[in-house]
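Reader: I'm a first-year student and I get lost whenever two chains come together. Could you take me slowly through the place where they touch, and then through what lies behind it?

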2 protein chains.
Amino acid sequence: MSQPLDIAVIGATGSVGETLVQILEELEFPVGTLHLLASMESAGSSVMFAGKKVRVREVDSFDFSQVKLAFFAAGPAVSRSFASKAHAAGCSVIDLSGELEHAVALVPEANPEQVAGLSLPALITSPSASAVALAVALAPLKGLLDIERVQVMASLAVSAQGKEAVGELARQTAELLNARPLEPRFFDRQIAFNVLAQVGAVDAHGHSAVERRLVKELRALLDMPALKISVSCVQVPVFFGDSLSVAVQSRGPVDLGAVNQALEAAASIELVEADDYPTPVGDAVGQDVVYVGRVRHGIDEPEQLNLWLTTDNLRKGAALNAVQVGQLLLKHRL
Amino acid sequence: MSQPLDIAVIGATGSVGETLVQILEELEFPVGTLHLLASMESAGSSVMFAGKKVRVREVDSFDFSQVKLAFFAAGPAVSRSFASKAHAAGCSVIDLSGELEHAVALVPEANPEQVAGLSLPALITSPSASAVALAVALAPLKGLLDIERVQVMASLAVSAQGKEAVGELARQTAELLNARPLEPRFFDRQIAFNVLAQVGAVDAHGHSAVERRLVKELRALLDMPALKISVSCVQVPVFFGDSLSVAVQSRGPVDLGAVNQALEAAASIELVEADDYPTPVGDAVGQDVVYVGRVRHGIDEPEQLNLWLTTDNLRKGAALNAVQVGQLLLKHRL
């Protein structure tokens, strides 16, 4: 086992941060002192780690030179304000916000070799949950297919937007079932029993930040900088677990037998047979793997591979990947 | 106004059939005698039409030579058993099941010219709700784009599967919110707060019947028999209103200005501006148009057009289209 490492988790009271602290414990990450940090509003509470209560302190006054590694799970604004400060203090940063322009996107199942090239302290992005799921599923297929285009429709769970979004879906649903008038708060309209065509605001070209992030990160993770990726991210009334409908366009016929074999062999993939299919609730949520199902050709198109992916957006898609990146960093560099 | 026509509606007690009877009244369809029919289990009840109660009778014993036009809205089994019998009796059939192999798929906004070529009595399919929505949205764009491929991810409402499916989503949701154990009945697993990767069973190639139907009907409606269409239909926990994420691959750059203009000009389309987007609940449900939003290029791909469609699956997607086809038939042929 490696030498214990002093670590900071920023955003420790949020959905991803809480899960991340749990996973550090579950995976027996060699933690020396654990510093739990949050913005002013969330500081003061306590979080359990390894049988002890750890007090959550304000990130503003933290001296990052005390730690070697920091996980940023507090959202874009906090990452923008404090990640480069931490990095300048000599601390390697694993950021979950996607806000750090020069950070290297890492998914151990897809591009572990990138760790060798990092200068220390490292600046790393743990990609969006959709990009993690896609990278895990497509990395084993890269050698099998001459990929021309990847088309993705991601149906995202509300929990990616935090605990308030989870509460809002529950509250709206209860109000509707009780025939009470609906007053949207967190979302700008009804999310219960509805589908929202976009997640967050869109830019002048009509793309949302999660869509742009997915394209950028997936290209980096697969080391295919010119890959054509079409993406639509929509918000579905699901608490936990993202679902992705994926069509991979290949330049030649797709050998489904070989695809199934490669997916079956991948350690982080649970392949579901053709007479069944995985769903977020009941399969993916709480699990450490990406579920893959509905493996098929396109209708009248042997050059197209269709897949259905589902994954725990807080766990495999976020907290677990970040900790696994930490393990990789620890093994090779720190 | 045309001469009143004696008409039969089969499946009059189902979700689509009920809506169809309402729409016949709303649109002042020239109905002489209205015969409401259903399978044995549903016969005996009454449905209101034009201020009068109309008794629903058994389809088995009905003499179809009494009517000139029959709407089949009772599902595949009933259409298979009785549609050709009705046709043989000299009655034009507008079928909503997609089960009649030699029927002509018709959406008045897409291929109205097909009516002229029909031999009477006519055998017509009112296509699936997804195919209707796609045909309405893509027909005005056919002349503008050199379409290479259409990629569709359809998030379908449970109501397409009937009243029992609607009740099951409500029941499951209430049980979960009350922390009672969940016992799936209509669906084979949890649909509340979940996404199911397929709608109905899949064949040996992994495609569901709704996916195959969509491809076949859309090719016919757009008169593009070799069009490449990729499709995934998934089941979302939404009562009413289908949502479609669409990517149209063109052989040249897409002129978004011209696309917006063509969509804006189409009578059956409500185009939603880029700073907003339509949703099934709140926009499409109860309306007679297809809502189109999120009109944009692909990321780094001016040859790709992305769209978001949402439509009332029972109304515009089914009952309304069937009645509008009836109007077209009446105007030109009957």
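Author: Let's begin with the contact between the chains and then work outwards.

A word on the ground rules: this is a predicted model, where local features need pLDDT of at least 70 and side-chain atom pairs count only at pLDDT 80 or more, while totals for chains, interfaces and linings use all residues. Residues are numbered from 1 along each chain as its sequence is written, chains are lettered from A and ligands numbered from 1 in the order in which they are written, and side-chain values use heavy atoms, with hydrogens and water left out.

So, how many residues of chain B are in contact with chain A? There are 59 of them, facing 58 residues of chain A, where contact means heavy atoms within 4.5 Å. Together the two chains bury about 4,800 Å², and carbon and sulfur atoms give 53% of that. Buried area here is the accessible area (1.4 Å probe) that two parts lose on being put together, summed over both. On the chain B side, B:F193, B:Y277 and B:I299 lose the most area to chain A, together 16% of what that side buries.

Charges get involved as well. The rule finds 9 salt bridges across this interface, a salt bridge being a side-chain nitrogen of Lys or Arg within 4 Å of a carboxyl oxygen of Asp or Glu. In one of them B:R296 pairs with A:E211, and the closest N and O atoms are 4.0 Å apart. You also get 28 residue pairs in polar contact between the chains, both residues at pLDDT 80 or more. That term means a pair of N or O atoms within 3.5 Å; within protein, one must be able to donate a hydrogen and the other to accept it, and residues adjacent in sequence count only if both atoms are side-chain atoms.

Which elements of chain B supply this side? At least two residues each come from β9 (147–156), α4 (163–177), α5 (209–221), β10 (228–235), β11 (242–250), α7 (280–284), β13 (290–298) and β14 (301–311) of chain B. The largest share, 7 residues, belongs to β10(B). Those labels are DSSP runs, helices (H or I, at least four residues) and strands (E, at least two), numbered from the N terminus. Sorted by class, this side of chain B has 26 nonpolar, 20 polar and 13 charged residues. Ala, Val, Leu, Ile, Met, Phe, Trp, Tyr, Cys and Pro count as nonpolar, Asp, Glu, Lys and Arg as charged, and the others, Gly among them, as polar.

Several of those strands turn up again in a sheet. In chain B, 6 strands form an open sheet in the order β10-β9-β11-β14-β13-β12, with mixed pairing; two strands pair if DSSP finds at least two bridges between them. β10 and β12 (269–271) of chain B stand at the edges with a single partner strand each, so one side of each has no neighbour in the sheet. On average, neighbouring strands of this sheet are turned by 20° against each other, direction ignored. At the β12 end, 3 bridges join β12(B) to β13(B), and the two run parallel; B:L271 has B:V292 as its bridge partner in β13(B). Helix α3 (residues 129–138) of chain B lies across β9, β11, β12, β13 and β14 of chain B, at about 45° to β11(B). For such angles, axes are lines fitted to C-alpha atoms, for helices over the stretch in contact, and angles run from 0 to 180 degrees between N-to-C directions.

Now hop over to chain A. A:R251 and A:D146 meet through their side chains in a salt bridge (2.7 Å, N to O). A:R251 lies in the loop between β11 (242–250) and α6 (256–265) of chain A, and A:D146 in the loop between α3 (129–138) and β9 (147–156) of chain A, so the pair ties together parts that are 105 residues apart in sequence. Over all chains, the structure holds 31 salt bridges.

One last detail concerns the backbone. A cis peptide bond joins A:L120 and A:P121, with omega about -10°, and the bond from B:L120 to B:P121 is cis with omega near -5°. B:P121 sits in the loop between β7 (104–105) and β8 (123–125) of chain B.
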